[in-house]
Amino acid sequence: DAKPSPVKAETPEGWLAMPATQMRLLNYRFGGSGLGEVWVSVSSGSVLDNVNRWLGQFNATKLDSKGLSELRMVPIAGASGVWVESEGDYAGGMGAPARSGYALAGVVADFGGRILTVKMVGPKADVETAKPLLETFAKSLELAD
């Protein structure tokens, strides 16, 4: 019972397109380690809820509304979203053990009550190298009508 994805984009050079999943509308692997992951999702909740969930996966200090307003804004799919970064031990959930030396970069945006997220997680060196490409990718995303 497959449905067309509500987002589309071209696969960036050096990223390996992976099959979509229930939660990952677009899904990629990247980086020299082969462990980096990038995915695009539509989530529930608010921008702040999603940012704090991501930060919580790194045991980082959660933000309040003021902290959220201080994050850098970046283009995403013709709108703007907040740029989020963290690093350290990544506890991605689903019973997986925490992974040390990881980093996060991503964008969270509100599209009329739908939260669009672009999340990159992987070994810190891979994420640091790929952050500019991630920002370009987020800008190039298109939402289906």
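The following exercises, with worked solutions, concern a predicted model.

**Exercise 1. Strand 8 and its surroundings**

Determine how many of the residues of strand 8 are buried, and state what follows from this count.

*Solution.* Step 1: locate the strand, which covers residues 114-123. Step 2: apply the cut-off, by which a residue is buried if its relative accessible area is under 20%. Step 3: count; 9 of the 10 residues of strand 8 are buried, and the strand is therefore largely enclosed by the rest of the structure.

**Exercise 2. The partners of strand 8**

Identify the strands that pair with strand 8, and give the sense of each pairing.

*Solution.* Step 1: consider strand 4, residues 36-43, which pairs with strand 8 in the antiparallel sense through 7 bridges. Within this pairing, V38 has M120 of strand 8 as its bridge partner. Step 2: turn to strand 7, residues 99-111, which runs antiparallel to strand 8 and is joined to it by 10 bridges. Here G106 is matched with K119 of strand 8. Step 3: examine the connection; strand 7 and strand 8 form a hairpin with 2 residues between the strands, and G112 adopts a positive phi near 60 degrees in this hairpin.

**Exercise 3. Aromatic rings and charges**

Find which residues ring pairs link into a cluster, and which charged residues lie over a ring.

*Solution.* Step 1: count the aromatic pairs, of which there are 6. Step 2: follow the ring pairs that link W15, Y28, F30 and F137 into a cluster. Step 3: look for charges over rings. R24 is placed over the face of W39, 3.6 Å from the ring centre. The charged end of R72 lies over the ring of W83, at 5.1 Å from its centre.

Note on methods. Residues numbered from 1 in each chain as written. Predicted model: local features only at pLDDT ≥ 70, side-chain atom pairs only at ≥ 80, totals over all residues. Heavy atoms only, no water. Buried < 20%, exposed > 50% of the residue type's maximum accessible area, 1.4 Å probe, protein only. Helix = DSSP H or I, 4+ residues; strand = E, 2+ residues; numbered from the N terminus. Pairing = 2+ DSSP bridges. Phe/Tyr/Trp six-rings, centres within 6.5 Å; stacked < 30°, edge-to-face > 60°. Lys NZ or Arg CZ within 6 Å of the ring centre and 35° of its normal.
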